[in-house]
Amino acid sequence: MASRGGIVSRLKRKKIQEVVAEGKRMDGRGLEDYREFVVKTGVMEKSEGSAEVKLGKTWVVAGVKVGVGTPFEDTPEMGVLMCNAEFTPVAHPTFEPGPPDEESIELARVVDRGLRSAEILDFKKLALVPGKLVYLVHVDLYVLNYDGNLIDASALAAIAALKTAVKPVHKVKEGEIEATGKKESLEVLKEPVAVTMVKIGDSLIVDPSADEEEVMDLRLTITLEKDGSICTIQKSGSEGLTMEDIQKAVKIASEKAAENRKLIAGKADA
Amino acid sequence: MSKRKKKTKEKRFDGREPNEIRPIKIESGVLPNADGSAYIEMGKNKVVVGVFGPREMHPKRLSKPNMATLRCRYHMAPFSVDPRRSPAPSRRDNEISMVMRYALEPAVFLERYPRSAIDVYAEVLEADGGTRTASINAATVALVDAGIPMRDLVSSCAAGKIDDMLVLDLGDYEDKEGQADVPVAYMPKLGKVTLLQMDGVLSPDEFEKCVSLAIDGCNRIYEIQREALKKKYGLTEEEVKE
């Protein structure tokens, strides 16, 4: 995302910067327009919940696996939610196989923080034998094609997958658990929506493409809840922001999150 | 969660005012073998930072033909927290290393040193909430100590919310039990925010107040960083002119 090896030629870089300075974009969008997005749930049978998001050409699949294990030491009475992101080598010519790099770690952690800060699950309810056995909810984000803005696409895929996810029901007897073979919903309580912007020159543009991320000065992700409160912020990239930039970004993010929330709800009904 | 400490209405759990930063001590040039270094105590946080470079980049293929590459590594000692943590870098460490780099890069004249590397290593010896801000504060002083030309100092401080009160420079307890945490790094002379993250839940209005509060903290820390450098390098140019 931040500098993927200078794939954008110098001419294209200059062109993108010029076009954005005029208030336009290479693909004809307005500065604050999202690309078309498609959300599909239940795309995989063997996971407890799954979703696929296509945001323009960016393609992310999220799979939820629910297991049982020991809780974290500092939260013994709570279930565990963990996000992991994988940049598969099929997603972009510059993505290589190997251990997660800082970009994929950042993606996983920003999505993770959004879900956790918003408390999308009742973590106390996910404890089976408090202190000993709890539900472990793993959300694995698989990037299958990269064309910018992985965070928004992944956050959307994670929520969509969790909303359809089920957990196996266990009977608890004297500190031991026994599988019942039944399944019930994970009960997602909140729906945080991430809005990512990049700054190119003096302009903030929403939902950056891969080329735009390559030439950006900085990137800012703001995740919001339904009531308009902010639950995660992440700034990336090697430039600084002014206080005015921050205020403007918060305003744009609030509007875009509300719009996207409506779109998502509309698509879920259809 | 269980060890919730009592606090009076206005004062914080450690007796500070809402807009009060913890005591800070910065010393530059503490590591004899590093090109530049600094040690910081920010409350109970203890961080030592060493800067190496500009030096030849290894591996060479990662070097940039037009500028130096700033590499940051944030690392916590196994004994810095309770319980002991593994010395292997965690996902959190990797992310902090990255945001630290983004926080410092805008201040450094990287274009002066094509093909070279500047390595910044932050070792957290004791953690007490706000280790990334303490590491950035020390790293800036260490970069100056290494003689690397900079546009501005980078000062860093967090603000957040606990018990519905907005507070500056969160301690460990406030960090863990609080409602939100907003770490900020700021270049005071240039007026630019170079690190901005948030955890927890805040209204947009509260968030903007937190950023302003954190910037106030950064301005105060800026003076402490200057003092630490003046202590070693004597008077600044303006003072000599006077």
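## Strands joined across the two chains

Strand 12 of chain A (residues 230-236) and strand 9 of chain B run antiparallel and are joined by four bridges, where strands, like helices, are DSSP runs numbered from the N terminus (E, at least two residues, for strands; H or I, at least four residues, for helices), and where two strands pair if DSSP finds at least two bridges between them. Within this pairing, A:Ile230 has B:Leu202, in strand 9 of chain B, as its bridge partner. This is a predicted model, in which local features need pLDDT of at least 70 and side-chain atom pairs count only at pLDDT 80 or more, while totals for chains, interfaces and linings use all residues. Residues are numbered from 1 along each chain as its sequence is written, and chains are lettered from A and ligands numbered from 1 in the order in which they are written.

The sheet that contains this junction is open and antiparallel, with eight strands in the order 10(A)-9(A)-11(A)-12(A)-9(B)-8(B)-6(B)-7(B). Its edges are strand 10 (203-206) of chain A and strand 7 (165-168) of chain B, each of which has a single partner strand, so one side of each is left without a neighbour in the sheet. Ignoring direction, neighbouring strands of the sheet are turned by 20° against each other on average, angles being taken from 0 to 180 degrees between N-to-C directions of axes, which are lines fitted to C-alpha atoms (for helices over the stretch in contact).

## The contact between chains A and B

The contact takes 27 residues from chain A and 27 residues from chain B, two residues being in contact if their C-beta atoms, placed from the backbone, lie within 7 Å. On the side of chain B that touches chain A, helix 1 (91-104), strand 9 (192-202) and helix 4 (204-233) of chain B each supply at least two residues, and strand 9 of chain B gives the most, with eleven residues. That side of chain B consists of 15 nonpolar, six polar and six charged residues, with Ala, Val, Leu, Ile, Met, Phe, Trp, Tyr, Cys and Pro counted as nonpolar, Asp, Glu, Lys and Arg as charged, and the others, Gly among them, as polar.

## Helices on the shared sheet

Strand 9 of chain B also pairs with strand 8 (residues 180-187) of chain B, in the antiparallel sense and over six bridges, and here B:Ala185 has B:Leu195 of strand 9 as its bridge partner. Helix 4 of chain B packs on the sheet, touching strand 12 of chain A as well as strand 6 (155-162), strand 7, strand 8 and strand 9 of chain B, and its direction makes about 145° with that of strand 6 of chain B. Helix 2 (residues 102-117) of chain A lies across strand 9 (193-200), strand 11 (218-224) and strand 12 of chain A together with strand 9 of chain B, running at about 165° to strand 12 of chain A.

## Helix 4 and helix 2 of chain B

Helix 4 of chain B has 30 residues, which should span 44 Å at 1.5 Å a residue, and this agrees with the 42 Å between its end C-alpha atoms, the expected span being 1.5 Å times one less than the number of residues. B:Gly234, which follows helix 4 of chain B, has a positive phi near 80°.

The axes of helix 2 (residues 131-145) and helix 4 of chain B come within 10 Å and cross at roughly 35°. In this contact B:Asn137, B:Thr140, B:Val141 and B:Val144 of helix 2 meet B:Ile221, B:Gln225, B:Ala228 and B:Leu229 of helix 4, giving five nonpolar, three polar and no charged residues.

## The second sheet of chain B

Chain B also has an open sheet of five strands, in the order 1-2-3-5-4 and with mixed pairing. Strand 1 (24-28) and strand 4 (69-76) of chain B are the edge strands, each pairing on one side only, and the twist averages 15° from one strand to the next. Strand 4 pairs with strand 5 (residues 116-126) of chain B in the parallel sense over eight bridges, and B:Cys72 stands opposite B:Val120 in strand 5 of chain B.

Helix 1 of chain B lies across strand 4 and strand 5 of chain B, at about 140° to strand 4 of chain B.
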